[in-house]
Amino acid sequence: MSLKHYFIRLKTWVTRQVTKVKPGKTAQKGAAIGLLAGSFLLFGIEVIGMTINFRDPWILALGLVILAVSVLAAFLTSWLIKQLNAIPKGYKIALLISIPLLILVRLLDQRLMVAMILVFSLLGAGVSIFKITHFRKLTFPKKAVAILGFAIGLLGAGASLYFLMIRGLEMKPLINAAKLAEENITPLPFESPAALGRYEVEFFTYGSGKDIQREEFADGVSYTTESVDGTAFLDHWEGMSGKYRTHYWGFDYRELPVNGRVWKPKEEGPFPLVLIVHGNHPMQDFSDPGYEYLGELMASRGYIFVSVDENFLNGSWSDFPDGLEKENDARAWMLLEHLRQWKEWTQDSSHGLFGQVDLDKLALIGHSRGGEAVAHAAMLNRLDHYPDDAAIPLGYHFSIQAIVAIAPVDGQYKPAGSLNKLENISYLGIHGAQDADVESFDGLKQFERISFTDSIYRFKAGIYIAGANHGQFNSSWGDNDALASFSGLLNKQQLMDPKDQETIAKVYISAFLETTLQGKDNFLPLFTDARKGRNWLPETIYLSQFQDSESRFWAGFDEDFEVGTLSKAESAQGENLTVWREGEVMPKYGLRGTRAVYLGWNYEEFGGDSLDWEASEKPTLPDSLRASYTVKLGQDTFRPDSSSVLIFSLAESGEPSNPKTKGKWIDENTEEEEDDNSENESTNSDEDGQKEVEEEDDQEEKALPVLDFSIELMDDQGERIVFLASEFSPVQRLIQSRVLKIQFLDEKDETEPIFQLYQFELQKIAARNPLFKLESLQQIRFLFDQSEQGVLILDQLGVMPSFEAGRYSGAEKLE
């Protein structure tokens, strides 16, 4: 007998045995009745018990409704399953094959997958039906439906192609608030920090000399390095994924190469050393060449600049079921190993790089996941033992003075289970509002976890850039932040030119290194106000956050939950505010890690159309209506002097300015009056209604007006000075983005509150009232009298010394 015959006999025998024990119709019917009876009994007991316990007979009615809905849902579900079973077998198989395939295609939105299924199905049906012999046999209704379906399919295919080909769609216009007051700000009178320096540049590589993928790290290296063992820092370099990773690179986690691309001044040192490291990207698409534009610049200005190769720690299509996880400690440790290598070279009198590095002037730059790694490297650098396993010694203790995080992530690695905190290191975070990869400015979370405790001058800064994305900071990554094959799904209309984005990186990073490593304070004002560098920077909206080791604050709002108390001041008081609370500052994802005060006002119900808030002369409000927020300093706190600059951080909240018009705040009588008004309004003429619709359409396209308010200072003798916030800058409205084209269907913008540092030189302000005494400043009052409504977030109210006083003793001045 054939093998096939044996299988048929086995199948017959198994079927016969199953039939013997298969429940009959009577048993099936009894099981159904038993299940229903038991469920109804338990549900009935629960409803009756709740009725008795809560003493509310309406629970019985609710129980009956739930019972009825459950019965209807059961019949509806059964009907849907029957309809699904009615789908032709061939099309059902096609669906089951196509759906997982389309899920794997990065369409970035499930609605696009449904649309593609519909378009492909209609096109396929149309093409097959329009065979002449078949089409003639169809009835007229079927012909009409076929033609209509095919037309919809063609239209959908055409729309899909158009959707992919256009660069993007226009956003609602946004006013650049800072530009409205830029005539009040004098730009720095120096050559751009992005200008090439005086040094001729040489390029070379160092590494294992054994790389099987790249010649520059094989025979092309100028200096050979020993590989390092990453066993203590890496997980999941194992299984099929690990085997492929080892096969591709020619080494495993026990032999990680110390590879770097170097741009160096073609003169004798010593020079400051700067390492830059890329983030997570497909490991086969090498990321380290993408910072050449920075390497050429910084080497020409007197730095040794190294782009560190960590591509072997990046993700791969082969990471299934597991790839490397939470490996940012390994990325950080590798940076320290590079510094160790450079220290050995510069101290080895027999080596070609002897004496080339100034080991007291070291900085780290990281992009994306590398932006988090540089902070971890700075933390691990100061420890003698690895925080997750004290058996692993560290003990590097290099003189790392500064770190730069470009569009960083945060919290991918948590040392000993906690978020990384840093002390006494200068920090710069840079982020783009159009970032489709790391959509939230996570660098500001690390910003909040940096403190200054020693006597050396340091600062931390954050720069938020409208129109900048994630990838264009690396010339190899480009504008496809999602790495989607169909990158046309991304909305790129608001993206800036890649060269402009590189220019911004060059200006800020070069200025930062000149300030932190060279001790030159000439560029320091740039980090508080981008308009100081407007002669160097492409025009867009910049938001700057800044805090230095000499800043002192009356209010940080992190001390408690009482809105009337402040950390270094006597008290706070709000009047006529529609919003007044202290709360967390909420980015798009997670928590920023700081609290602030939220202040809102709304005069809409007081003035209506009779008050023109867009006129140059603002309406005058009585004190009984005017909203304000007052900080009283008290007797025991510090006071400003003639060199002090009043500072505070400010952002728009974006929440409703009159939340008490709904929910628990609604008065029943007011609600009835509103209903009556609605009925009266419905009797208006069609002409008036059309006019209102047109006005709403115009409003949708019109940029929101900027916000403004007054600031009042009062000394202990009652002398006052009042000035406008807009003398520095009106308040920037929220920068909104839609990183995917399909988000325009939702009409929902992505945004998050980003602070701008406000600063006013108090000596110049005090000159407006000769009787005013700065050293006797008693209170600061924010008067919301320049805009009809708004909600602002206020944080870090205090003073810092004027930049004119200098920050670095004996600092070298630029000519």
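Start by selecting helix 4 (residues 89-104) and helix 5 (residues 110-129): their axes come within 11 Å and cross at roughly 140°. Keep in mind as you click around that this is a predicted model. Why an odd angle like that gets its own word is simple: roughly antiparallel begins over 145 degrees, so helix 4 and helix 5 are oblique to each other. Look at the handedness too, because this pair has a right-handed crossing.

Now show side chains where the two meet. On the helix 4 side, pick Tyr91, Leu95, Ile99, Leu102 and Ile103; on the helix 5 side, pick Met113, Ile117 and Ser121. Colour them by class and you'll get 7 nonpolar residues, 1 polar one and no charged ones.

Stay on helix 4 for a moment and click Leu101, which also sits in this helix. Is Leu101 buried or exposed? Its relative accessible area is 52%, so Leu101 counts as exposed. Try a distance line from here: the C-alpha atoms of Leu101 and Met113 are 10.0 Å apart, with their positions 12 residues apart along the chain.

Next stop, another helix pair. Select helix 9 (residues 292-300) together with helix 13 (residues 498-516), which pack at an angle of about 40° with axes 10 Å apart. That angle makes helix 9 oblique to helix 13. Here, too, the crossing is right-handed.

Which residues make the contact between helix 9 and helix 13? From helix 9, light up Tyr293, Leu294, Leu297 and Met298. From helix 13, add Glu502, Ala505, Lys506, Ile509, Ser510 and Leu513. Sort that set by class and you have 7 nonpolar, 1 polar and 2 charged residues.

Time to leave the helices and look at some strands. In general, strands of a sheet pair through backbone hydrogen bonds, either parallel or antiparallel. In this model, find the open sheet of 5 strands, ordered 16-19-24-21-22, with antiparallel pairing. Zoom to its edges, where you'll find strand 16 (571-575) and strand 22 (720-724). Each has a single partner strand, so one side of each is left without a neighbour in the sheet. Turn the view and you can follow the twist: neighbouring strands are turned by 15° against each other on average, direction ignored.

For the last stop, select strand 19 (residues 627-632) and strand 24 (residues 777-784), an antiparallel pair joined over 6 bridges. Which residue of strand 24 stands opposite Tyr629? Click across from Tyr629 and you land on Phe782.

Technical notes:
Residues numbered from 1 in each chain as written. Predicted model: local features only at pLDDT ≥ 70, side-chain atom pairs only at ≥ 80, totals over all residues. Heavy atoms only, no water. Axes fitted to C-alpha atoms, helices over the stretch in contact; angles between N-to-C directions. Helix = DSSP H or I, 4+ residues; strand = E, 2+ residues; numbered from the N terminus. Parallel < 35°, antiparallel > 145°, perpendicular 65-115°, else oblique. Left-handed = near helix turned anticlockwise from the far one by under 90°. Contact = heavy atoms within 4.5 Å. Nonpolar A, V, L, I, M, F, W, Y, C, P; charged D, E, K, R; others polar. Pairing = 2+ DSSP bridges. Buried < 20%, exposed > 50% of the residue type's maximum accessible area, 1.4 Å probe, protein only.
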